[in-house]
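I opened this model to follow one residue and its surroundings. My notes are below, in the order I looked things up.

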Amino acid sequence: MAFLLFASPVYAAISTKAGQFDRIDLGYLVIDGVVLMAMIGFALVSEKWWPLWLAGAQLIAFLSHFVRLIDASYAPFAYALMMRAPSWVQLAILALGTWLAARPAPARQSAQSQSAGSASPGR
C-alpha cells in the first residue's frame, strides 16, 4: 500500500497520459500488477484473513484495466472508479485487520488471568 502511495503520484507527475481514463493506462496497469503480486505473496504466507481480502480488492483494481481494454466504449468514469475505489476498500480492510490484531484474544486473556490467579500468594 505504501508503494501505491508513492508510485501513483510519481507516475502522475512524469506521465502525460496519467489521469486520462478514455483509454487503458499502462503505467497504472504495471503499478497495480506489482502491488497485486506483492499482496498475493503476503496473503499466501500470512495466517490472517485480511491480507487475502486486500489482495482480492487489488485484483479488482488490476482487472479494471482489462475491462477497459476489452470494451473501449466503457465509460471513462466507470473505469476510473473501478481502478480507484478498491483502494478505499483496502484502507477499511487494513484498519479492521489491524484493530482485530491489536486487541487481546479472548482465549489468551482467560489463560493469562487463570495463570495469574494460580500464581498469586496465599494459595
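Entry 1. The model is a predicted one. I began with Met39 and left out residues up to four places away in sequence. Met39 then touches Met1, Pro51, Leu54, Ala55, Gln58 and Gln90.

Entry 2. I looked up the largest nonpolar core, which has 13 residues. Met39 is among the members that touch the most others, along with Tyr28, Ile31 and Leu54. Two or more residues of this core come from each of α1 (2–14), α2 (26–45), α3 and α4. The most come from α2, which gives 4 residues.

Entry 3. I went on to Gln58, one of the contacts of Met39. Gln58 lies in helix α3, residues 50–70. Is Gln58 buried or exposed? Its relative accessibility is 1%, and buried means under 20%, so Gln58 counts as buried.

Entry 4. What does the side chain of Gln58 make a polar contact with? I found the side chain of Asp32, at 3.3 Å. Beyond its neighbours within four places in sequence, Gln58 is in contact with Leu4, Asp32, Val35, Leu36, Met39 and Gln90.

Entry 5. Gln90 belongs to α4 and is part of where α3 and α4 meet, so I checked how the two helices lie. Their axes come within 9 Å and cross at roughly 175°. Angles over 145 degrees count as roughly antiparallel, and therefore α3 is roughly antiparallel to α4.

Entry 6. I listed the residues where these helices meet; α3 brings Trp50, Leu54 and Gln58, among others, and α4 brings residues including Tyr79, Met83 and Gln90. By class, this contact has 15 nonpolar, 5 polar and 1 charged residues.

Terms used: Residues are numbered from 1 along each chain as its sequence is written. This is a predicted model: local features need pLDDT of at least 70, side-chain atom pairs count only at pLDDT 80 or more; totals for chains, interfaces and linings use all residues. Side-chain values use heavy atoms; hydrogens and water are left out. Buried means under 20% relative accessible area, exposed over 50%, partly exposed in between (1.4 Å probe, protein chains only). A polar contact is a pair of N or O atoms within 3.5 Å; within protein, one must be able to donate a hydrogen and the other to accept it, and residues adjacent in sequence count only if both atoms are side-chain atoms. Contact means heavy atoms within 4.5 Å. Axes are lines fitted to C-alpha atoms, for helices over the stretch in contact, and angles run from 0 to 180 degrees between N-to-C directions. Angles under 35 degrees count as roughly parallel, over 145 as roughly antiparallel, 65 to 115 as roughly perpendicular and the rest as oblique. Ala, Val, Leu, Ile, Met, Phe, Trp, Tyr, Cys and Pro count as nonpolar, Asp, Glu, Lys and Arg as charged, and the others, Gly among them, as polar. A nonpolar core is a set of buried Ala, Val, Leu, Ile, Met, Phe, Trp, Tyr and Cys residues joined through side-chain atoms within 4.5 Å.
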